[in-house]
Amino acid sequence: MSYIEIKNVSFSYDEESQENKTVLDNVSLSVERGEFVAILGRNGSGKSTLAKLMNMILVPSSGEIYIDGINITEDTSDELLLKVRKKVGMVFQNPDNQIFATIVEEDVAFGPENLGIESSEIRRRVDEALATVDMSEYARHAPHKLSGGQKQRIAIAGVLAMDPECIIFDESTSMLDPHGRAEISAVMQKLNKEQGKTIIHITHNMDEAELADRIIVLDEVGIRLEGSPKEVFSDIKTITELGLEAPQATELCARLAGKGFDIPLGIIGEESCAQAICASLSSKKK
Ligand SMILES: Nc1ncnc2c1ncn2[C@@H]1O[C@H](COP(=O)(O)OP(=O)(O)OP(=O)(O)O)[C@@H](O)[C@H]1O
Ligand SMILES: [Mg+2]
């Protein structure tokens, strides 16, 4: 069994209402332990809903969800909720809505305090979490004076202090400037590559999505496209239909291929793009 198993899950917000709108219709997907998955899809396609189902914020209308072998859809008890919160953490879009305390380290301690963890262990976790996001020197600072990227790193430290195996980032970079985005993207990579955390990154930013091991694209009822960044971004037609754009370098290569240049589809990254263009030009000269 995979680390996360979503089996035939359907969800609608208001089942009784006349305009019962199904957000997810019989969706199945699995995520392996240690995997980095990006979830894409236009506004309203159900990305946040899917994330909330994985964290027991919402309960599916039908179907089952397993996290690390635990059926999280079996009941809605506090005991199960606590178990799930220890496994799956969530970082949201707006850092201001995730920070409660007036001192950074107190904010980071909030989660483990709620888990009833012993104070020396909380101290250890807070220090470690702040070090991981490179914010140790700000431990005694006031969060509201920090930059957006720094606040978001504090929010991540708060989640890390609960020691989850998996972290879901729901558009956690979308309110940040390019510098802040790069900071958070680097933290995600570090958590995945160095600490083996399973990462699910919901984003509208294609340059961030291409860093994932796998991309899942949602449309209004479920999964429409799935595969490695190379596979997904090779399918420019479907990507466009789904209201998305390929990353800039990938898009450029695809356009040149359309103009007769000998360049394969699904080129990922500026470096590979430059190489493919050079190779195509030198083969033309011969
Ligand atoms: N609390 C709610 N009550 C009723 N409908 C909701 C609620 N939250 C979301 N919806 C509807 O469910 C659908 C999916 O919403 P969701 O927030 O999951 O989309 P999303 O893919 O995260 O979009 P975005 O990219 O804008 O964040 C939308 O049609 C939305 O209007
Ligand atoms: Mg959303």
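## Reading a two-domain model

Author: The domain assignment splits the protein into domain 1 (4-246) and domain 2 (247-286). Such bounds come from an automatic or database domain assignment. The contact between them takes 11 residues from domain 1 and eight residues from domain 2. Two residues are in contact if their C-beta atoms, placed from the backbone, lie within 7 Å.

Reader: What kind of model is this, and how are its parts numbered?

Author: This is a predicted model: local features need pLDDT of at least 70, side-chain atom pairs count only at pLDDT 80 or more, and totals for chains, interfaces and linings use all residues. Residues are numbered from 1 along each chain as its sequence is written, while chains are lettered from A and ligands numbered from 1 in the order in which they are written.

Reader: Which helices of domain 1 supply the side that touches domain 2?

Author: Helices (H or I, at least four residues) and strands (E, at least two) are DSSP runs, numbered from the N terminus. Here α7 (206-209) and α8 (229-234) each supply at least two residues of that side. The largest share, five residues, comes from α8. By class, the side of domain 1 that touches domain 2 has five nonpolar, one polar and five charged residues. Ala, Val, Leu, Ile, Met, Phe, Trp, Tyr, Cys and Pro count as nonpolar; Asp, Glu, Lys and Arg as charged; the others, Gly among them, as polar.

Reader: How many helices and strands does the protein have?

Author: It has 11 helices and 10 strands.

Reader: What does the radius of gyration say about the protein?

Author: The radius is taken over C-alpha atoms, and the globule rule is 2.2 Å times the number of residues to the power 0.38. With 286 residues, a compact globule would come out near 19 Å; the protein has 21 Å, which agrees. Its C-alpha trace spans about 70 × 50 × 35 Å along the principal axes.

Reader: Which residues touch the most other members of the largest nonpolar core?

Author: In soluble globular proteins, nonpolar side chains tend to be buried together. A nonpolar core is a set of buried Ala, Val, Leu, Ile, Met, Phe, Trp, Tyr and Cys residues joined through C-beta atoms within 7 Å. A residue is buried if 20 or more other C-beta atoms lie within 10 Å of its own, exposed if 12 or fewer, and partly exposed in between; C-beta atoms are placed from the backbone. Of the 73 residues in the largest core, Ile 39, Val 108, Ala 157 and Ile 168 touch the most other members. Helix α5 (residues 148-160) gives the largest share, six residues. Both domains give residues to this core, so it lies between them. Leaving aside neighbours within four places in sequence, Ala 157 is in contact with Val 108, Ala 129, Leu 130, Val 133 and Met 135.

Reader: What surrounds ligand 1?

Author: A residue is near a molecule if its C-beta atom, placed from the backbone, lies within 6 Å of it. The shell is Tyr 13, Val 23, Gly 41, Asn 43, Gly 44, Ser 45, Gly 46, Lys 47, Ser 48 and Thr 49. Helix α1 (residues 47-54) gives the most, three residues. The shell divides into two nonpolar, seven polar and one charged.

Reader: Where is Met 56, and is it buried or partly exposed?

Author: Met 56 sits in the loop between α1 and β4 (62-67). With 19 C-beta neighbours inside 10 Å, Met 56 counts as partly exposed. Its phi is positive, about 60°, although Met 56 is not a glycine.
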